[in-house]
Amino acid sequence: MNDAENLAYIESQHKVSREYEALCKQCGKCCGIETDPCANLKKSESGRYYCATYESRLGRQVTVSGRVFTCVEIREVVRKGLPNEECGYGR
Ligand code: SF4
Ligand code: SF4
């Protein structure tokens, strides 16, 4: 691939990634909102939940109660089963 093709490929991958992430309804359930939420989980003024450390989220994290766990890619979460029936990745 030449530079132009490389750039086009990277941009297409970013587009696919953005489209995939846009499926999330930001309900917070896969981050434990209904039980013991991750300490990085925040609520926006619109009522949606978001990760305060999204770019560096993967790996060791701690919940509000102090439980240590490992944050993984949503693809990995969904592969093991949907966090809830309304999850945007259910289709
Ligand atoms: S359960 Fe699904 S829709 Fe809700 S925050 Fe997690 S990935 Fe997004
Ligand atoms: S670190 Fe992981 S589990 Fe914690 S809020 Fe961010 S995405 Fe959710």
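**Figure 1. The surface of the protein, in a predicted model.** The accessible surface of the protein adds up to about 7000 Å², and carbon and sulfur atoms account for 51% of it. Turning from the surface to what lies beneath, 19% of the 91 residues count as buried.

**Figure 2. The overall dimensions of the protein.** Measuring tape in hand, so to speak, you would find that the C-alpha trace spans about 50 × 30 × 25 Å along its principal axes. The radius of gyration is 16 Å, whereas a compact globule of 91 residues would have a value near 12 Å.

**Figure 3. Two helices and four strands make up the elements of the protein.** Follow the chain from the N terminus and you will meet them in the order α-β-β-β-β-α. Of the contacts between residues at least 6 apart in sequence, 36% join residues at least 24 apart.

**Figure 4. The charged side chains of the protein.** Here you can look for 14 positive and 13 negative side chains. The centres of these two sets lie 6 Å apart.

**Figure 5. A close-up of Gln61 in strand E3.** Strand E3 covers residues 59-62, and Gln61 is found within it. Gln61 counts as buried because its relative accessibility is 13%, and buried means under 20%.

**Figure 6. The surroundings of Gln61.** The side chains of Gln61 and Asn40 make a polar contact at 2.8 Å. Setting aside neighbours within four places in sequence, Gln61 also has Cys38, Ser56, Arg67, Val68, Phe69 and Cys71 among the residues that it contacts.

How values were computed:
Residues are numbered from 1 along each chain as its sequence is written. Chains are lettered from A and ligands numbered from 1 in the order in which they are written. This is a predicted model: local features need pLDDT of at least 70, side-chain atom pairs count only at pLDDT 80 or more; totals for chains, interfaces and linings use all residues. Side-chain values use heavy atoms; hydrogens and water are left out. The radius of gyration is taken over C-alpha atoms; the globule rule is 2.2 Å times the number of residues to the power 0.38. Buried means under 20% relative accessible area, exposed over 50%, partly exposed in between (1.4 Å probe, protein chains only). Contact means heavy atoms within 4.5 Å. Accessible areas come from the Shrake-Rupley method with a 1.4 Å probe; for residues, only the protein chains shown count as cover. Lys and Arg count as positive and Asp and Glu as negative; His and the chain ends are not counted. The place of a charge is taken as NZ of Lys, CZ of Arg, CG of Asp or CD of Glu. A polar contact is a pair of N or O atoms within 3.5 Å; within protein, one must be able to donate a hydrogen and the other to accept it, and residues adjacent in sequence count only if both atoms are side-chain atoms.
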